[in-house]
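Welcome, and thanks for taking a look at this model. Please open the sequence and the structure side by side, and let's walk through a few spots together.

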Amino acid sequence: MVFVNAGNERGKTGKVLEVLRDSDRAIVEGLNMVSKHTKPNSANPQGGIIKKEAGIHISNLQVLDPQKGVPTRIGRRRNAEGKLVRYAKKSGEEIK
């Protein structure tokens, strides 16, 4: 879950569906909707205008704290098994 801190969707939260690493963008469920005009084809015989999510630059997103549900920065540290994990800076809880 992420919080949008800039742009038209500022203040909204959503679930990340996909991360586009080459363009540093993430597609967030239900946010940054755009209209895509499609021609008729076998998958969509009628054609028409489809609403779908567009990417949001990752610099405009913040991870939500799993404990408090507020935006937080993240850090990295080693857990008990010696594996490097991400954690929320506000609560100190590990992010899955």
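## An exposed loop residue

Let's begin at Gln67, which counts as exposed because its relative accessibility is 54%, over the 50% mark that the class requires. Keep in mind as you read that this is a predicted model. Gln67 sits in the loop that links S8 and S9.

What does Gln67 touch, leaving out residues up to four places away in sequence? Its contacts on that count are Ser91 and Glu93. Glu94 is also worth finding on your screen: 27 residues separate Gln67 and Glu94 in sequence, and their C-alpha atoms are 9.6 Å apart in space.

## A buried threonine

Now move along to Thr72, a member of strand S9, which covers residues 71–72. Thr72 has 3% relative accessibility, so this residue counts as buried; the cut-off for that class is under 20%.

With residues up to four places away in sequence set aside, Thr72 touches Gln62, Val63, Leu64 and Asp65, along with Ala88, Lys89 and Lys90. For Lys89 there is a polar detail to add: a polar atom of the Thr72 side chain lies 3.4 Å from the backbone nitrogen of Lys89.

## Paired strands

Next, have a look at S3 and S4. Strand S4 spans residues 25–28 and pairs with S3 in the antiparallel sense, over four bridges. One of the residues to pick out is Glu18, whose bridge partner in S4 is Ile27. Four residues lie between the strands of this hairpin, and Asp24 takes a positive phi near 55 degrees there.

S4 is also joined to strand S7 (residues 55–57) by three bridges, and S4 and S7 run antiparallel. Here Ala26 has Ile56 as its bridge partner in S7. As background for viewing such strands, side chains in a regular strand alternate between the two faces of the sheet.

## The largest pocket

Finally, let's turn to the largest pocket, which holds about 400 Å³ of space. Its lining is made up of 18 residues, and those nearest the centre are Met1, Val2, Val63, Leu64 and Arg86.

Which strands each supply at least two residues of this lining? They are S3 (16–20) and S8 (61–64). S8 gives the largest share, with four residues. Sorted by class, the lining of the largest pocket comprises 12 nonpolar residues, four charged ones and two polar ones. Two of the residues nearest the pocket centre, Val63 and Leu64, are also among the contacts of Thr72.

Definitions and conventions: Residues are numbered from 1 along each chain as its sequence is written. This is a predicted model: local features need pLDDT of at least 70, side-chain atom pairs count only at pLDDT 80 or more; totals for chains, interfaces and linings use all residues. Side-chain values use heavy atoms; hydrogens and water are left out. On a 1 Å grid over the protein atoms alone, a cavity is a set of points where a 1.4 Å probe fits but cannot get out, and a pocket is an open set with protein on both sides within 12 Å along at least five of seven lines; lining residues have an atom within 4 Å of a point. Grid points are joined across faces, edges and corners, and a volume is the space filled by probe spheres set on the points. Ala, Val, Leu, Ile, Met, Phe, Trp, Tyr, Cys and Pro count as nonpolar, Asp, Glu, Lys and Arg as charged, and the others, Gly among them, as polar. Buried means under 20% relative accessible area, exposed over 50%, partly exposed in between (1.4 Å probe, protein chains only). A polar contact is a pair of N or O atoms within 3.5 Å; within protein, one must be able to donate a hydrogen and the other to accept it, and residues adjacent in sequence count only if both atoms are side-chain atoms. Contact means heavy atoms within 4.5 Å. Two strands pair if DSSP finds at least two bridges between them.
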